[in-house]
Amino acid sequence: MREQRIDNRAVHTGSLILVDAGHPFRQPAAEQLLPVGEGAGVLLERRAALLLDRLMESFGGWRGILPVSGWRSREEQQAIWDDTLRREGEAFTRQYVALPGHSEHQTGLAIDLGERRERVDFIRPAFPQGGVCGEFRRRAASHGFIERYPAGKEAVTGIAYEPWHFRYVGAPHALMMAEWGCTLEEYLDQLRPRRWGEDPLRFRREGWDVAIAYLAAAPGGVTAFEVEEARPWCISGNNQDGFILTQWGPTGRAAPRPSPAGARAGRSPAPAGRHL
């Protein structure tokens, strides 16, 4: 076992941060950005962009799907809010446009996708359940993407049903959310009792044992915890009060119980070809 330490400011970084009306995006800017699609001018955080392109390449998705909107600066989000408010009114705007400073688009982890048509609505692009869009949905979770604002969850997310809006969270988490039928808000709540070092969530996927658990940020500015040194791991803040720690290894290998004592500087790489 090896002790790791992470600055508590990292609570506000990572692929699982919750950004909504009650939890603003607290970083000055998104991390390294890359373009997605060809010539669309749409940017995503580097890992999300690479995995989205890999997903699309797996079934030729960009031929029928258009990247409509990815990363936005706070200033761009403000302009979209102001323009929509002027054209559509307050009720519509609050349903479909996040407040500036509270938009997932500012993280670089969210993207609006539309079916390729002659005319595409920037605020509500068409993204039907069937055809190429349906194929995207079937493959999304295995590449780490979730439909962020599903129908029937409006009271949880605070946003109207948006079948075009997808969010990168990482494959093990996206797969669990798809299996449980829950939103990011509900997933983080369900992980809270699964404390690192006590009762992590464990499951198997494609020959790998995966452990996922919540780690509360410790008082004093730095949080320490222990991981099995030989197993890859990664950590994300929740943008609330702690971290979600994920560790994995080959199925059948007994892993010692981890204990609290994660950090991006200390994380191990995922196995080649695995979207963990």
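User: Which definition of a salt bridge applies here?
Analyst: The pairing requires two kinds of side-chain atom within a set cut-off. A side-chain nitrogen of Lys or Arg must lie within 4 Å of a carboxyl oxygen of Asp or Glu, and such a pair is termed a salt bridge.

User: On what kind of model do the values rest?
Analyst: Residues are numbered from 1 along each chain as its sequence is written, and side-chain values use heavy atoms, with hydrogens and water left out. Local features need pLDDT of at least 70, side-chain atom pairs count only at pLDDT 80 or more, and totals for chains, interfaces and linings use all residues, the model being predicted.

User: How many salt bridges does the structure hold?
Analyst: Side chains of opposite charge can pair when their charged atoms come close. Under the criterion above, the number of salt bridges in the structure is 20.

User: How far apart are the closest N and O atoms of Glu90 and Arg94?
Analyst: Both residues belong to helix α3 (residues 90–96), where helices are DSSP runs of H or I with at least four residues, strands are runs of E with at least two, and numbering starts from the N terminus. Because Glu90 and Arg94 are four residues apart in this helix, about one helical turn separates them. Their salt bridge has its closest N and O atoms at 2.9 Å.

User: Which residue forms a salt bridge with Glu229?
Analyst: Glu229 lies in the loop between β10 (222–227) and β11 (233–237), and its partner lies in strand β1 (residues 2–7), so the pair ties together parts that are 227 residues apart in sequence. The closest N and O atoms are 3.6 Å apart, and the partner is Arg2.

User: In the salt bridge of Arg204 and Asp209, is Asp209 buried or exposed?
Analyst: The two side chains meet at 2.9 Å, N to O. Buried denotes under 20% relative accessible area, exposed over 50%, and partly exposed in between (1.4 Å probe, protein chains only). Arg204, at 61%, is exposed. Asp209 has a relative accessibility of 17% and is therefore buried.

User: Which residues are joined into one network by salt bridges that share partners?
Analyst: Shared partners link several salt bridges together. The residues in this network are Asp83, Arg86, Arg87 and Glu88.

User: Which cysteine holds the sulfur closest to that of Cys182?
Analyst: A disulfide is a pair of cysteine sulfur atoms within 2.5 Å, and by this rule the count is zero. Cys182 is buried, at 11% relative accessible area. Its sulfur is 18 Å from the closest cysteine sulfur, too far for a bond, and that sulfur belongs to Cys234.
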